[in-house]
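Here is a friendly walk through one chain, covering helix packing, buried glycines and a few unusual backbone angles. Have the viewer open as you read.

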Amino acid sequence: MVESILVLTHADENGMLSQASLEGVTAGKDLSVGLGAPLVIGVVAVNGSLATSLGFGNARVLCVADEALAQSRYASDAAACEALCRAAHASIVIVAAGSRFTRVAAGVAFRLGGLIDTHITSINVSASGEGRSIEVTRSFYRQRIEAVLSRDARPWFLLIDAGTHAAFTGDGPVGEVEDVPVELPSLRTQVLGLRAPQQNALTIRPEAKLLLVAGAGWTKKQADGQTHAAEAGDLILGFLRNTGASLGSSKSLVDQGGDGGPVLPFLTHMNQIGQTGSMPRHAKGLSTCCHGEEPHVVGWRFIADRRAISLDPNCGWARGKADVVYVADAFKVMAKVNEKLAAANEANSAVAAPDRDFQRSQEVDAAVLV
Ligand SMILES: Cc1cc2nc3c(=O)[nH]c(=O)nc-3n(C[C@H](O)[C@H](O)[C@H](O)COP(=O)(O)OP(=O)(O)OC[C@H]3O[C@@H](n4cnc5c(N)ncnc54)[C@H](O)[C@@H]3O)c2cc1C
């Protein structure tokens, strides 16, 4: 089968390609090289010039530009993606999962008479007797089973999971961009503004670079014979506010509410990391007051850079499961870390939008090294 590849991308609020889109471009480039197939980059933007300012090598670049595309809206995004697909005539359409395109990908596949697979973690080319074919992997049952899929149906839409590919950084000079006209349907949805949950209400942030894990130790009796759950909550939320990190938990800690023990009110089973929880993909992880038992640590499978703060020098983390273990009282360490982070935020004025500035993970590292 002669293949051709389209990667659907969109601009973010700054006009540049979104992080997920850049990951999609990498996936498309790799597949194009593996198959020796032509690559098209399709861009949805208000104004294409910024979004297409990266060189895409020898890929053809198509752009749908319209003022209405400043906002994420099903009708306009689906129409723009459909126009790009019809202009590109691709057999494989790669879409990187971000909130905007995840919503429309299946609908666009339907309009094109194609099929879609979601939660793709890798796209591979296998050589068989009849030539090269595409195989994709995805996980089922909370990532405990990995399946390898291939299909004959075309166009085949592949919605790839965030964090599975490196972000594309540019390839040679900027090439020519072809404008693709789009006729938008009547738009009934008007976006009047964005209302985000308060910082301390939103604790699960899949796009954060850093994961903070809270373990049951936070609510256990401390050296003074007392529990300090309220202080623990303040320290944890303070760290999240300062860094924009995502919050994970051990099973023991989230189970405690049901067992009648002291609880941290902002934690739910959605935060649980591990064998019976989730396996998030963050670049770095910091475990606090958690023992690092195997059923918990399997949830760290995709986290490469791991650190832990535990009072127990023989905890699971110290047995080869973390890169660095601080044998220390997490109450004291996190108070100091938060102090340093607050000062760093003050200095770079990112305190107004801590979620946006994930670049500060280096400062987090520096602060953790107390
Ligand atoms: C089938 C099965 C599935 C499971 N699935 C999961 C799962 O998905 N996720 C999961 O997390 N667990 C899971 N578990 C449970 C898991 O085995 C552990 O029991 C659990 O992870 C322990 O949680 P913890 O480390 O927070 O608590 P604990 O084992 O109680 O450890 C608390 C730690 O905090 C430390 N500590 C206390 N005070 C401080 C302080 N001031 N400073 C620093 N450190 C301190 C202590 O030294 C201790 O190491 C599963 C178990 C089974 C049998």
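A residue is buried if 20 or more other C-beta atoms lie within 10 Å of its own, exposed if 12 or fewer, and partly exposed in between, with C-beta atoms placed from the backbone. With 9 C-beta neighbours inside 10 Å, Pro313 counts as exposed. Pro313 is found in the loop between β13 (305-310) and β14 (324-327); helices (H or I, at least four residues) and strands (E, at least two) are DSSP runs, numbered from the N terminus.

Before going further, please note that this is a predicted model: local features need pLDDT of at least 70, side-chain atom pairs count only at pLDDT 80 or more, and totals for chains, interfaces and linings use all residues. Residues are numbered from 1 along each chain as its sequence is written.

Back at the loop, Pro313 touches Ala318 and Val327, not counting residues up to four places away in sequence. Two residues are in contact if their C-beta atoms, placed from the backbone, lie within 7 Å. Pro313 and Ala328 are 15 residues apart in sequence, and their C-alpha atoms are 9.0 Å apart in space.

**Two glycines in α1**

Helix α1 (residues 19-35) contains Gly28, and Gly24 lies in helix α1 too. Gly28 is buried, with 31 other C-beta atoms within 10 Å. Gly24 is buried as well, with 31 other C-beta atoms within 10 Å. Leaving aside neighbours within four places in sequence, Gly28 is in contact with Ile5, Val7, Leu39 and Ile94. With the same neighbours left aside, Gly24 is in contact with Val7, Thr9, Ile94, Val95, Ala96 and Ile160. As for distances across the model, Gly28 and Ala230 are 202 residues apart in sequence and 48 Å apart in space, C-alpha to C-alpha. The C-alpha atoms of Gly24 and Ser287, 263 residues apart along the chain, are separated by 31 Å.

**Helix α4 and its partner α3**

Helix α4 (residues 99-111) has a kink of about 35°, centred on Ala105. The bend at a residue is the angle between axes fitted to the seven residues ending there and the seven starting there. Buried residues in α4 are Arg100, Phe101, Val104, Ala105, Val108 and Ala109. What do the buried residues of α4 pack against? They pack against β1 (5-10), α3 (74-88), β4 (92-96), β5 (115-128) and β8 (156-160). After α4 comes Gly113, whose phi is positive, near 75°.

Two packed helices are described by the angle between their axes and the distance between the axes. Axes here are lines fitted to C-alpha atoms, for helices over the stretch in contact, and angles run from 0 to 180 degrees between N-to-C directions. The axes of α3 and α4 come within 9 Å and cross at roughly 55°. The two helices α3 and α4 are therefore oblique to each other; angles under 35 degrees count as roughly parallel, over 145 as roughly antiparallel, 65 to 115 as roughly perpendicular and the rest as oblique. Their crossing is right-handed: a crossing is left-handed if the near helix is turned anticlockwise from the far one by less than a right angle, and right-handed if clockwise.

On the α3 side, Tyr74, Asp77, Ala78, Cys81, Glu82 and Cys85 meet Arg100, Arg103, Val104, Gly107, Val108 and Arg111 in α4. The residues of this contact divide into 6 nonpolar, 1 polar and 5 charged. Ala, Val, Leu, Ile, Met, Phe, Trp, Tyr, Cys and Pro count as nonpolar, Asp, Glu, Lys and Arg as charged, and the others, Gly among them, as polar.

**Helices α5 and α8**

The axes of helix α5 (residues 229-243) and helix α8 (residues 330-348) come within 9 Å and cross at roughly 30°. That makes α5 roughly parallel to α8. The crossing of α5 and α8 is left-handed. Residues making the contact include Leu235 and Phe239 of α5 and Met334 and Leu341 of α8. By class, the contact has 8 nonpolar, 5 polar and 1 charged residues.

**Backbone angles to inspect**

Most residues other than glycine have a negative phi, and most peptide bonds are trans. The table lists two residues with positive phi.

| Residue | Phi | Location |
|---|---|---|
| His89 | near 55° | loop between α3 and β4 |
| His119 | near 55° | strand β5 |

His89 is exposed, with 10 other C-beta atoms within 10 Å, whereas His119, with 16 C-beta neighbours inside 10 Å, counts as partly exposed. Finally, a cis peptide bond joins Arg154 and Pro155, with omega about 0°. Pro155 lies in the loop between β7 (145-149) and β8.
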